Structure formats: C-alpha cells, structure tokens
Amino acid sequence: MSFRATHELHNRRAGRNIGLALVLLGFIVIVFGLTVVKVTNGDPMQAFDHAPRPEMMPGATPVQGD
Amino acid sequence: MTDASINTQIIEPEASFGDYVALLKPRVMSLVVFTALVGLLAAPVGVHPMIGFASILFIAVGAGASGALNMWWDADIDAVMKRTAKRPVPAGKVAPGEALAVGVALSGFSVVMLALAANMVSAALLAFTIFFYAVIYTMWLKRWTPQNIVIGGAAGAFPPMIGWAVATGGIGLESVLMFLLIFIWTPPHFWALALFMNADYEKAGVPMLTVTHGRRVTRNNILGYTVLLAPLAVGTGFTSIGGPVYLAVSLVLNALFLLGAFRIWRRDEETCQADKYKVEKSFFGLSLLYLFLHFGAILAEAALRPYGLGGWG
C-alpha cells in the first residue's frame, strides 16, 4: 500500500487548520484572563438571590470566609 | 469497459489562512489599533491592562469585519482598480459569500465581546462604526456622491472615541476632538492621493471629486479642509489630552501641512505633469506623518503624566 504524495492543497488546508486552532486557543486564553480579572477586581462575587443577605448591604463587615 | 472519464467537477477555490487575514485589511487594522489605544490611554480613567488589551483586540476585529464586508460589496470595482485587484475576493481566492459570512460573524462577535469586556457605550459605538462603514459608506455613499471620502472618513475617525469609551464609559470633549482630527484630516489626505491616482477611480466609476468636479475644485477643497483642520488640531493642545509636547508638535506639523496645501492649491496641471505630481506625493506622505505624530504626541502626554510632566500641570 502506498500513500499519495501530499498535494499543495493539503499543505494549505493544514495551514488553515493550524491557524484556526491558534486563534481559538488565543480566544480561550483571553476569555480566561478577562474572567480572572473581573472576578478578582474587588467586584462583589455574590448577587441578588431572592433572599436578604446582610453581608451584601453597603457598609457591612465581610463575613469570615467571604 | 474503460475507466476513462471526463472530470466535470468544478474546483472551488480554497483560501489559505493568510487570505482570510488579508480579508480583514490588516494595514487599516493597525491604524485602528494605534488610534484606539491612544484614545484608551489618553482617558483620565485607567483600566486593567487585560481589559484594555482585550478591548483593543475586539475593536480591531470589528474594524476587520467591516473591511471584509467592504471587500464583499466592492469586489466588482476592486477588480478594475490596479491598487485593489489583488484583494482576496477579486483575485478569486475567497468566495464572495465567504467574505460576507466572515464579515457578519466577526461583526456580531466583536460587538458582543466588547460589551462583555468593557461596557455598552463602547460596544454601541463599535456597532455603529461597522454599520456606518459597511452600509452608509460602502453600499450607499461611495458610488453616489463625490463627498464619499468626507462622510466615509467618519468611520475611520471613531476608533479613538471607542478607546476613550472603553476607559470612561462615555463620550467627552477630548474624544470628540480626536474624532474630528481624523474626520477633517481624511479629505485632504485622500484627495491628494486621488490627484495622482485619478485614472484608477475613473476606470472604476467611483465618483471621486477629481472625476466629478475636476482637479481645480479638488485643490480648492484640499486647502479649505486643511485651513479648517489647523485650528482644531492646535486647539486640542489646550484640553486635558494636550500639553506642551503636543502643542509644539502640532504647531510645526500644521505649519507644514498648510504650506503643502497652499502649494497644491497654487499649482496647475501642466506643472504637475511636468514634475510627476511631486508636491502632491510629498503632501500625501506628510499627511500620514501628520496623523501619526499627532496621536503619538497625545500618547506621549499620557505617558509623561504619571511623572508629573505631561499635560498642563
């Protein structure tokens, strides 16, 4: 059994696939980076949840473990 | 029985990765990145570097998307003009439908991602810029009015405003001035190019001012817009984004620019053809430097600010 020689078209397709893979990888890194920054930027990590939570009131002292 | 057959399969063009990159007009993108970055850094409020980096990237992707939409719509006239004939769509490397798909998909992607990374104001401005460039300029004005360059220039003028909005979440006097700097700079810049590249636009039937109203009117307009631009560019030096460095750079550049426009205004066609549009070509070169150095000076003022040197104290 013999393999066919790689055509120029195959090289082009491979280049396109690698390019797309790098773009997607880059996008994952950016979304991860943005998430880390937004979460650790001091913004509150809890939101309204249909139940009163005193620790979310302005001026409340942080609860241990918060 | 024989195996012989005629291959009737039509081979579709298969683009390489580089062809898709070319579809996004990387050179225009680099200008967008630079001006948006200046707008972002000149703003009085700082942003986290990661958010700033991601926002600039999404603004660049949005600019690229509008470039792809422009290439999809303009493939017929791009094929006629020497300067644009090698673009991926007229060259047959990327199918028109593919260019449209890339343009639409990246437009939506960039606007949504900018809204998530920064804020709604900057995302709305980016969406409007893409709409303005692709629909108002490319589809409507470019082939209809000789003022195409003037109004189309607005699309290229939005990036510093978007950068400013990423940091501040709003629009300010300074961001409007940066917008106006590019907006009023565009007509003299492009008309100088049109003066020595006239044949191309004429062949494609694009109503450039040089084609519809002649070269004399174009020369008058170049001078008119340059006179309008000078006080605005120098005046920006007295706002919060300006300072002594900016003012010095701006005064020199505007004096040179006014001188160049005046020389263009004084010339007639015979002299131009004799020296192969030497003055027009050097004015075009100067116009590129003009914009780059003005924004470079705004950037310098912003960079000096933390050391107490930038701005007016």
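Trainee: Two residues are in contact if their C-beta atoms, placed from the backbone, lie within 7 Å; on that footing, how many residues does the contact take from chain A and from chain B?

Mentor: The contact takes eleven residues from chain A and eight residues from chain B. This is a predicted model, in which local features need pLDDT of at least 70 and side-chain atom pairs count only at pLDDT 80 or more, while totals for chains, interfaces and linings use all residues. Residues are numbered from 1 along each chain as its sequence is written, with chains lettered from A and ligands numbered from 1 in the order in which they are written.

Trainee: What classes make up the chain A side?

Mentor: The side of chain A that touches chain B has four nonpolar, four polar and three charged residues, where Ala, Val, Leu, Ile, Met, Phe, Trp, Tyr, Cys and Pro count as nonpolar, Asp, Glu, Lys and Arg as charged, and the others, Gly among them, as polar.

Trainee: And what are the scores, overall and for chain B?

Mentor: The model scores ipTM 0.80 and pTM 0.85. For chain B the mean pLDDT (the predictor's confidence in each residue, from 0 to 100) is 89, and 95% of the residues reach 70 or more.

Trainee: Where is confidence lowest in chain B?

Mentor: In chain B, helix α10 (residues 198-204) is lowest, at a mean of 74, whereas α8(B) is highest, at 96; helices here are DSSP runs of H or I, at least four residues, numbered from the N terminus.

Trainee: Switching topic, how is chain B divided?

Mentor: An automatic or database assignment divides chain B into domain 1 (16-170) and domain 2 (172-313). Their contact takes 30 residues from domain 1 of chain B and 26 residues from domain 2 of chain B.

Trainee: Which element gives the most on the domain 1 side?

Mentor: α7(B) does, with seven residues, and the whole domain 1 side has 18 nonpolar, eight polar and four charged residues.

Trainee: How do α7(B) and α9(B) cross?

Mentor: The axes of α7(B) and α9(B) (residues 173-196), lines fitted to C-alpha atoms over the stretch in contact, with angles from 0 to 180 degrees between N-to-C directions, come within 8 Å and cross at roughly 135 degrees. That makes α7(B) oblique to α9(B), since angles under 35 degrees count as roughly parallel, over 145 as roughly antiparallel and 65 to 115 as roughly perpendicular, with the rest oblique.

Trainee: Which residues meet there?

Mentor: Among them are B:G153, B:A154 and B:A157 in α7(B), and B:F183, B:P187 and B:W191 in α9(B). The residues of this contact divide into ten nonpolar, three polar and no charged.

Definitions and conventions:
Helix = DSSP H or I, 4+ residues; strand = E, 2+ residues; numbered from the N terminus.
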